[in-house]
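Colleague: Could you walk me through this model before I head back to the bench? I have a handful of questions about how the chain is put together.

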Amino acid sequence: MMILKDCLSSSIDQKHPEGRVIFMKLVIENLTKTFGDVVAVNNIDIVVETGKLLVLPGPSGCGKTTTLRCIAGFENPDSGRITIGDKIVTDPQNGINLPP
């Protein structure tokens, strides 16, 4: 637990020294992902400020894993935008889908 605490407290600045984990702002806007007729993620908006953590609770099948897979680049959403730091990593309407 001490390692996690030290990591979090020392990692929230925007500097990039070698070996340091950097937490950046995450913005998800109007994210939607479907699989055929099944809507896995329906138009969600999330903002996680720099240095903050997010928990996605919910029952099985509510879209938690699909949302995380979209953030990581393993799934391409049908619509919406995902920004990490100042970089747009996913925006299907503009042809942006960075690989994992």
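Modeller: Happy to help, and we can take your questions one at a time. This is a predicted model, in which local features need pLDDT of at least 70 and side-chain atom pairs count only at pLDDT 80 or more, while totals for chains, interfaces and linings use all residues. Residues are numbered from 1 along each chain as its sequence is written, and side-chain values use heavy atoms, with hydrogens and water left out.

Colleague: Let's start with the layout: in what order do the elements of the chain run from the N terminus on?

Modeller: Helices (H or I, at least four residues) and strands (E, at least two) are DSSP runs, numbered from the N terminus. The chain has two helices and five strands. Read from the N terminus, their order is α-β-β-α-β-β-β.

Colleague: What percentage of the residues in the chain is buried?

Modeller: Buried means under 20% relative accessible area, exposed over 50%, and partly exposed in between (1.4 Å probe, protein chains only). The chain has 100 residues, and the buried share of them is 26%.

Colleague: Which element gives the most residues to the largest nonpolar core?

Modeller: A nonpolar core here is a set of buried Ala, Val, Leu, Ile, Met, Phe, Trp, Tyr and Cys residues joined through side-chain atoms within 4.5 Å. The largest one has eleven residues, among them Leu26, Val41, Cys70 and Ile82. Two or more residues come from each of β1 (26-35), β2 (38-48) and α2 (64-72). With four residues, the element that gives the most is β2.

Colleague: And why would such residues gather like that?

Modeller: In soluble globular proteins, nonpolar side chains tend to be buried together. Isoleucine 82 belongs to this core. Contact means heavy atoms within 4.5 Å, and, leaving aside neighbours within four places in sequence, the contacts of isoleucine 82 include Leu26, Ile28, Leu31, Cys70, Ile71 and Val89. As for the general reason, it is that nonpolar side chains tend to be buried together.

Colleague: I always check cysteines. How many disulfides does the structure hold?

Modeller: A disulfide is a pair of cysteine sulfur atoms within 2.5 Å. Cysteine 62 is partly exposed at a relative accessible area of 38%, whereas cysteine 70 is buried at 0%. The number of disulfides in the structure is zero.

Colleague: Which residue, 50 residues away in sequence, lies 4.5 Å from asparagine 30, C-alpha to C-alpha?

Modeller: Asparagine 30 sits in strand β1 and is partly exposed, with a relative accessible area of 41%. Not counting residues up to four places away in sequence, asparagine 30 touches Asn43, Ile44, Asp45, Ser79 and Gly80. The residue you are after is glycine 80.

Colleague: What does the side chain of threonine 32 reach at 3.0 Å?

Modeller: Threonine 32 is also placed in strand β1, and it counts as buried because its relative accessibility is 15%. Leaving aside neighbours within four places in sequence, its contacts include Val41, Asn42 and Asn43. At 3.0 Å, its side chain reaches the backbone nitrogen of asparagine 43.

Colleague: Now the charged pairs: how many residues apart are glutamate 49 and lysine 25?

Modeller: A salt bridge is a side-chain nitrogen of Lys or Arg within 4 Å of a carboxyl oxygen of Asp or Glu, and the structure holds four salt bridges. Glutamate 49 and lysine 25 form one of them (3.8 Å, N to O). Glutamate 49 is in the loop between β2 and α2, and lysine 25 is in the loop between α1 (2-10) and β1; their separation is 24 residues.

Colleague: In the pair of aspartate 91 and arginine 81, what is the N to O distance?

Modeller: Aspartate 91 counts as buried at 4% relative accessibility, while arginine 81 is partly exposed at 30%. Their side chains meet in a salt bridge, and the N to O distance is 3.1 Å.

Colleague: Last one: which residues are linked in a network of salt bridges?

Modeller: Arginine 69 and glutamate 75 meet in a salt bridge at 3.2 Å, N to O. Arginine 69 is partly exposed at 34% relative accessibility, and glutamate 75 is buried at 17%. The network links Lys33, Arg69 and Glu75.

How values were computed. A polar contact is a pair of N or O atoms within 3.5 Å; within protein, one must be able to donate a hydrogen and the other to accept it, and residues adjacent in sequence count only if both atoms are side-chain atoms.
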